[in-house]
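Colleague: I have a structure open on my screen and would like to learn how to read it. Could you walk me through it?

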Amino acid sequence: MFYFYAKDQSYLQCEVRTTEVADTFAIEVTEADGRVRTQYISGSEAVHKRWVELQEELTGAGWWGPCGRD
């Protein structure tokens, strides 16, 4: 699942996805400048908790979203 956040005409992309390792998920954030950071998390409850935390961090830093993008 892809999510986009906007701030001052810039966008960043977040992806939450499964991995090849059982019960392991990846949260990948592509920054506005193209840098990519990835976190690997075990367990669906843990990845959901981390995703909620990340959304709070982004909105606290002034990012708006998740939003659609053309």
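Modeller: Happily; we will go through the sheet, the helix, the core and one residue at the start of the chain. Please keep in mind that this is a predicted model.

Colleague: Let's begin with the sheet. In what order do the five strands run?

Modeller: The general idea is that strands of a sheet pair through backbone hydrogen bonds, either parallel or antiparallel. Here the five strands form an open sheet in the order 4-3-2-1-5, with antiparallel pairing. Strand 4 (36-42) and strand 5 (64-67) are the edge strands, each pairing on one side only. From one strand to the next, the twist averages 20°.

Colleague: Which residues stand opposite each other in strand 3 and strand 4?

Modeller: Val29 stands opposite Arg37 in strand 4, and Phe25 stands opposite Ile41. These two strands pair in the antiparallel sense over seven bridges. Their hairpin has five residues between the strands, and Gly34 takes a positive phi near 100° there. On the other side, strand 2 and strand 3 pair over six bridges, also antiparallel, with Val16 opposite Ile27. That hairpin has five residues between its strands too, and in it Asp23 takes a positive phi near 60°.

Colleague: Is strand 3 largely enclosed or open?

Modeller: Six of the seven residues of strand 3 are buried, so the strand is largely enclosed by the rest of the structure. Helix 1 packs on the sheet and touches strand 1, strand 2, strand 3, strand 4 and strand 5. The helix direction makes about 15° with that of strand 3.

Colleague: How should I read the core, and which residues have the most contacts inside it?

Modeller: In soluble globular proteins, nonpolar side chains tend to be buried together. In this model the largest nonpolar core has 13 residues, and those with the most contacts inside it are Tyr5, Leu12, Cys14, Ile27, Trp51 and Leu58. Strand 2 (10-18), strand 3 (24-30) and helix 1 (44-60) each give two or more residues; helix 1 gives the most, with four. Ile27 is a good one to click on: beyond its sequence neighbours, its contacts include Val16, Ile41, Val47, Trp51 and Leu54.

Colleague: And Phe2: is this residue buried, partly exposed or exposed?

Modeller: Buried means under 20% relative accessible area and exposed means over 50%. Phe2 has 47%, so this residue is partly exposed. Phe2 lies in strand 1 (residues 2-7) and, leaving aside neighbours within four places in sequence, is in contact with Gln13, Cys14 and Glu15.

Notes. Residues are numbered from 1 along each chain as its sequence is written. This is a predicted model: local features need pLDDT of at least 70, side-chain atom pairs count only at pLDDT 80 or more; totals for chains, interfaces and linings use all residues. Side-chain values use heavy atoms; hydrogens and water are left out. Buried means under 20% relative accessible area, exposed over 50%, partly exposed in between (1.4 Å probe, protein chains only). Contact means heavy atoms within 4.5 Å. A nonpolar core is a set of buried Ala, Val, Leu, Ile, Met, Phe, Trp, Tyr and Cys residues joined through side-chain atoms within 4.5 Å. Two strands pair if DSSP finds at least two bridges between them. Axes are lines fitted to C-alpha atoms, for helices over the stretch in contact, and angles run from 0 to 180 degrees between N-to-C directions.
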